[in-house]
Structures are given as structure tokens and as C-alpha cells.
Amino acid sequence: MIQVDIRRQSDRFICGFTVSGHAEFDIPGKDIVCSGVSAVTIGTVNAVEALLQVDLSPTVESGYLSVEVPIKMEANEFQRCQLLLESMVVMLQGIATSYQTYITIKETII
């Protein structure tokens, strides 16, 4: 199962996220749940870095992605980053709705 942990500050802004595990929906290379989650999360990291020039310095390993959002950012850049991250959460929730046996999403206030 894939576990997604969205970390939020007390003001509800996303300050980081971790994705770990494998869905095991199908064999590697044909697992649409793993592929979907990977596309959404890596795509979001790439979008933040390319469009906003914000270095998220992701930690990536097989079945693992962890990101900490930098705390030093201009207000406009921060809002855009949050929009992209919230979009990622909505997309992941859509996958979880369709494949709830294979993915869980937890949100933690830190």
C-alpha cells in the first residue's frame, strides 16, 4: 500500500509531504496506481521547481519521496507554491477515492 503523509503548519499551509510504499495493484511496470501517484507527486515537484524556481531538494528512492517546502520565499511565490501543492493533494485524493485499498492519505498538523 502507498502511504501519503501531508504535513501542514497550524495555519494549514503545506510544509512538506512524504510518499512511501508500493500499491501492488499490478506487477511493476503495469501498476497504474503507483504510476499515477508517481506522476502526480514527481510532476508537482518538477512544476514547483521549473515554474517557480524553488528548490524543493526532494529525497527520492525506490518507493519513497520526501519533500520539505522551504520557509524562505516571497509571498507571491509562496502562494503559487501552495496552489500547486494543494492541486497535488486533490489529485491524490481522486486516486485514493478510486483505489482506496491501495493508497492512504494522512494529513498531519505540525
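This is a short walk through the structure you have open, one selection at a time.

**The whole chain**

Start with everything in cartoon view, and keep in mind that this is a predicted model. Colour by secondary structure and you should find two helices and five strands. Reading from the N terminus, the order is β-β-α-β-β-α-β. The radius of gyration is 14 Å, close to the 13 Å that the globule rule gives for 110 residues, so the chain is as compact as a globular protein of that length. If you turn the C-alpha trace along its principal axes, it spans about 45 × 25 × 20 Å.

Now put a surface on it. The chain exposes about 6,300 Å², and carbon and sulfur atoms supply 56% of that area. On the inside, 37% of the 110 residues count as buried. Colour the charges too: there are 7 positive and 13 negative ones, and their mean positions sit 5 Å apart.

One more thing before zooming in. Take the contacts between residues at least 6 apart in sequence: 58% of them join residues at least 24 apart.

**The nonpolar core**

Hide the surface and go for the largest nonpolar core, which has 29 residues. Which members touch the most others? Select I2 and F17. To see where the core comes from, highlight β1 (2-8), β2 (14-20), α1 (32-52), β4 (64-68) and α2 (75-98), each of which supplies at least two residues. The largest share, eight residues, comes from α2.

Stay on F17 and show what is around this residue. Leaving out residues up to four places away in sequence, F17 touches D5, I6 and R7, then T41 and V45, then L65, S66 and V67, and finally L85 and M88.

**Along helix α1**

One of the contacts of F17 is T41, so to speak the next stop. T41 lies in helix α1 and counts as buried, with 3% relative accessibility. Setting aside residues up to four places away in sequence, T41 touches F17, V19, L65, M88 and L92. Try a distance here as well: T41 and V89 are 48 residues apart in sequence, yet 9.0 Å apart in space, C-alpha to C-alpha.

Next pick V37, also found in helix α1. V37 is buried, at 2% relative accessibility. Beyond its neighbours within four places in sequence, V37 is in contact with I2, V19, L92, I95 and I103. I2 is one of the two core residues you selected earlier, and V19 and L92 were on the list for T41 as well. For a longer ruler, draw a line from V37 to I14: these residues are 23 apart along the chain, and their C-alpha atoms are separated by 18 Å.

Then move to L52, again in helix α1. Buried or exposed? L52 is buried, with a relative accessible area of 9%. Show its contacts, without residues up to four places away in sequence, and you get A47, E77, R80, C81 and L84. The C-alpha atoms of L52 and V67 are separated by 16 Å, with the two positions 15 residues apart along the chain.

**Over to helix α2**

Select Q82, which lies in helix α2. Where does its side of the story lead? Q82 touches F13 and I14, once residues up to four places away in sequence are left out. At 4% relative accessibility, Q82 counts as buried, because the cut-off for that is under 20%.

**Two backbone oddities**

Finish with the backbone. Most residues other than glycine have a negative phi. Select R12 and S57 and look at their torsions.

R12 is found in the loop between β1 and β2. Its phi is near 80°, a positive value in a residue other than glycine. R12 counts as partly exposed, at 44% relative accessibility.

S57 lies in the loop between α1 and β3 (59-61). What is its phi? For S57 the value is near 45°, again positive in a residue other than glycine. S57 is partly exposed too, with a relative accessible area of 47%.

Definitions and conventions. Residues are numbered from 1 along each chain as its sequence is written. This is a predicted model: local features need pLDDT of at least 70, side-chain atom pairs count only at pLDDT 80 or more; totals for chains, interfaces and linings use all residues. Side-chain values use heavy atoms; hydrogens and water are left out. Helices (H or I, at least four residues) and strands (E, at least two) are DSSP runs, numbered from the N terminus. The radius of gyration is taken over C-alpha atoms; the globule rule is 2.2 Å times the number of residues to the power 0.38. Buried means under 20% relative accessible area, exposed over 50%, partly exposed in between (1.4 Å probe, protein chains only). Contact means heavy atoms within 4.5 Å. Accessible areas come from the Shrake-Rupley method with a 1.4 Å probe; for residues, only the protein chains shown count as cover. Lys and Arg count as positive and Asp and Glu as negative; His and the chain ends are not counted. The place of a charge is taken as NZ of Lys, CZ of Arg, CG of Asp or CD of Glu. A nonpolar core is a set of buried Ala, Val, Leu, Ile, Met, Phe, Trp, Tyr and Cys residues joined through side-chain atoms within 4.5 Å.
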